[in-house]
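Work through the exercises below with the sequence and the coordinates open. Each task is followed by a stepwise solution.

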Amino acid sequence: MSFPVDLGIVQIGLMLLILVGIALLISALVMVRRVGLRVLLGRGATGLGLLVVAAVLLWIATLMQTYLGLSGEIKAAHVVVSPVAGQEHRLEVDLTLYGDDDHGEKHDKYQVEGDLMVLQANIVELEPWVNALGFHSGYKVTRLYGQRLDGIATSQNQFFVNGDDQDFFADMSKGRWWTEPFVRSAYGNAVIATPGEYDVLISRDAIKVRAAGR
């Protein structure tokens, strides 16, 4: 399961300013008995000013990060879906799963029964305030299979493309993913596509495909 992080330098800098402001205020309160009230007008006022300015700027940055967390997308994979020549209701799927710091890139080809490709992912949707801190919702692309346009069920088993997801759903059934106050929900989510070339994207709460290069 991947949880991309996008904690900006601006946010880190503002958090450090807040810590400096708090430190100045604390030191001013500690020294007030020894030095007198004038320390509050100097060091204390400086600390309070830094604290207020940094807090306001951090609030603005957090609002912007919240928007990015709610609307941002992670490019998780690239897929090319083609009909198999001479075979009805048969597709070849060329799938590349992009890696991250902990997982390498994977590239495989599959043949699925059907006229439509179905790609499934496990999604752990985080609370908006966690997105605001720079964390993207967790995801793992797991299953690939096909569907027929005429609605007839296929006889082919599904492919696990990135390790199975049985533990994920077992944890869901036991309520282990409902980790307050960080996780809003956890579920499997799938996208269905006709033959073509697509980028596979993960948003805050869903898997989706978009024509490659768009």
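The exercises concern a predicted model and go from the whole chain to a sheet and then to a surface patch.

**Exercise 1. Overall composition**

Task: State how many helices and strands the protein has, and in what pattern they follow one another.

Solution: Step 1. The secondary structure consists of four helices and nine strands. Step 2. Along the sequence, the pattern reads α-α-β-β-β-β-α-β-β-α-β-β-β. Step 3. Of the 214 residues, 38% are buried. Step 4. Among contacts with a separation of 6 or more, 59% join residues 24 or more positions apart.

**Exercise 2. An open sheet**

Task: Give the strand order of the open sheet formed by four strands, and find which strands stand at its edges.

Solution: Step 1. The order is S6-S5-S4-S7, with antiparallel pairing. Step 2. S6 (159-160) and S7 (183-193) each have a single partner strand, so one side of each lacks a neighbour in the sheet. Step 3. S7 is joined to S4 (residues 116-126) by 10 bridges. Step 4. One residue pair to inspect is Val118 with its bridge partner in S7, Ile192.

**Exercise 3. A nonpolar patch**

Task: Identify the residues that make a nonpolar surface patch of about 380 Å², and decide whether Leu19 is buried or exposed.

Solution: Step 1. The patch is made by Leu16, Leu19, Ile22 and Ile26. Step 2. Leu19 lies in helix H1, which spans residues 9-35. Step 3. The relative accessible area of Leu19 is 54%; the cut-off for exposed is over 50%, so Leu19 is exposed. Step 4. For the whole protein, the accessible surface is about 12,100 Å², with 60% belonging to carbon and sulfur atoms.

How values were computed:
Residues are numbered from 1 along each chain as its sequence is written. This is a predicted model: local features need pLDDT of at least 70, side-chain atom pairs count only at pLDDT 80 or more; totals for chains, interfaces and linings use all residues. Side-chain values use heavy atoms; hydrogens and water are left out. Two strands pair if DSSP finds at least two bridges between them. Helices (H or I, at least four residues) and strands (E, at least two) are DSSP runs, numbered from the N terminus. Patches are made of residues with over 30% relative accessible area and no salt bridge: like charges are joined within 9 Å, nonpolar side chains (Val, Leu, Ile, Met, Phe, Trp, Tyr) within 5 Å. Accessible areas come from the Shrake-Rupley method with a 1.4 Å probe; for residues, only the protein chains shown count as cover. A salt bridge is a side-chain nitrogen of Lys or Arg within 4 Å of a carboxyl oxygen of Asp or Glu. Buried means under 20% relative accessible area, exposed over 50%, partly exposed in between (1.4 Å probe, protein chains only). Contact means heavy atoms within 4.5 Å.
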